[in-house]
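Please open the model in your viewer and keep the sequence panel beside it, since the stops below are given by residue number.

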Amino acid sequence: MKQIIPFIIIAALIGGAMFFLNDDYQEAAFDPGWTNEQSVADWDITLFLENGPGSDREIGFMLEYAGLAEDPDIDALEVFVLTEYGSFFYQELDIEEFNKEIIYSVPCDFCDEAERSYTNTNIMLNWRQNGHTRQEYTEMNLYLEEEGS
C-alpha cells in the first residue's frame, strides 16, 4: 500500500492542476466587415472582406457543408478564388476529419490598388467525396470600398 500512495497523490495533484488551470478558450465569432453569400450544390459559400488595423485588409471565404449526408466523408478539397485584380486558393488534399466548415483568408494585396469599387469574383470548388471527384463554379461580386467612403 505504501508503494501506491505516492501515485495516488501525484494523480490527484495533476488532476487538480488540470481542473483549476483549465483555460476557458472560446473561438471568436465570425463577423467580418463585408460578406456575400451564395449556395451551390452541397455548400454554402461566404466571400468576405475584413478591414484590419491600418491598411491591413484580408479577403477570404467561409465554406460550410450543407448537404444531407450526416457524415459527408470528404477527403480532399480545393477552392480557387479569382478576381480581375488578384487571386488566391486553398488546398487540402488529405483531410483526416472534416468538421463541415472551413474559414480561410489571406492579405488582400490588390484591394487598395483596384480601379473600381467592386469586381466580379469567380469561385471554383473541387472536392473528393466517397471516392468521387466533384466540381462546382459560381460567380459573386466583391465590393472593395469600405462602408461610408
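The tour goes from a sheet to the aromatic rings.

Bear in mind throughout that this is a predicted model. Begin by selecting the open sheet, in which 4 strands follow the order E1-E2-E3-E6 with antiparallel pairing. Its edges are strand E1 (34-40) and strand E6 (101-107), each of which pairs on one side only. If you look along the strands, neighbours in this sheet are turned by 15 degrees against each other on average, with direction ignored.

Next, select residues 43-51 and residues 57-65, which are strands E2 and E3; they run antiparallel and are joined by 9 bridges. Within this pairing, aspartate 44 stands opposite glutamate 64 in E3.

Now show the aromatic side chains, among which the structure holds 10 aromatic pairs. Select phenylalanine 61 and tyrosine 104, whose ring centres are 6.0 Å apart and whose planes meet at 45 degrees, so the pair is tilted. Because phenylalanine 61 lies in strand E3 and tyrosine 104 in strand E6, the pair ties together parts that are 43 residues apart in sequence. Phenylalanine 61 is buried, with a relative accessible area of 2%, whereas tyrosine 104 is partly exposed, at 25%.

Keep tyrosine 104 selected and add phenylalanine 88, since these two form a tilted aromatic pair as well, with 6.3 Å centre to centre and 35 degrees between the planes. This pair links distant parts of the chain, with phenylalanine 88 in strand E5 (residues 87-92) and tyrosine 104 in strand E6, 16 residues apart. Phenylalanine 88 is buried, with a relative accessible area of 9%.

Finally, select Trp43, Tyr65, Phe98 and Trp127, which ring pairs link into a cluster.

Technical notes. Residues are numbered from 1 along each chain as its sequence is written. This is a predicted model: local features need pLDDT of at least 70, side-chain atom pairs count only at pLDDT 80 or more; totals for chains, interfaces and linings use all residues. Side-chain values use heavy atoms; hydrogens and water are left out. Two strands pair if DSSP finds at least two bridges between them. Helices (H or I, at least four residues) and strands (E, at least two) are DSSP runs, numbered from the N terminus. Axes are lines fitted to C-alpha atoms, for helices over the stretch in contact, and angles run from 0 to 180 degrees between N-to-C directions. Rings of Phe, Tyr and Trp (its six-membered ring) pair if their centres lie within 6.5 Å; planes under 30 degrees apart count as stacked, over 60 as edge-to-face and the rest as tilted. Buried means under 20% relative accessible area, exposed over 50%, partly exposed in between (1.4 Å probe, protein chains only).
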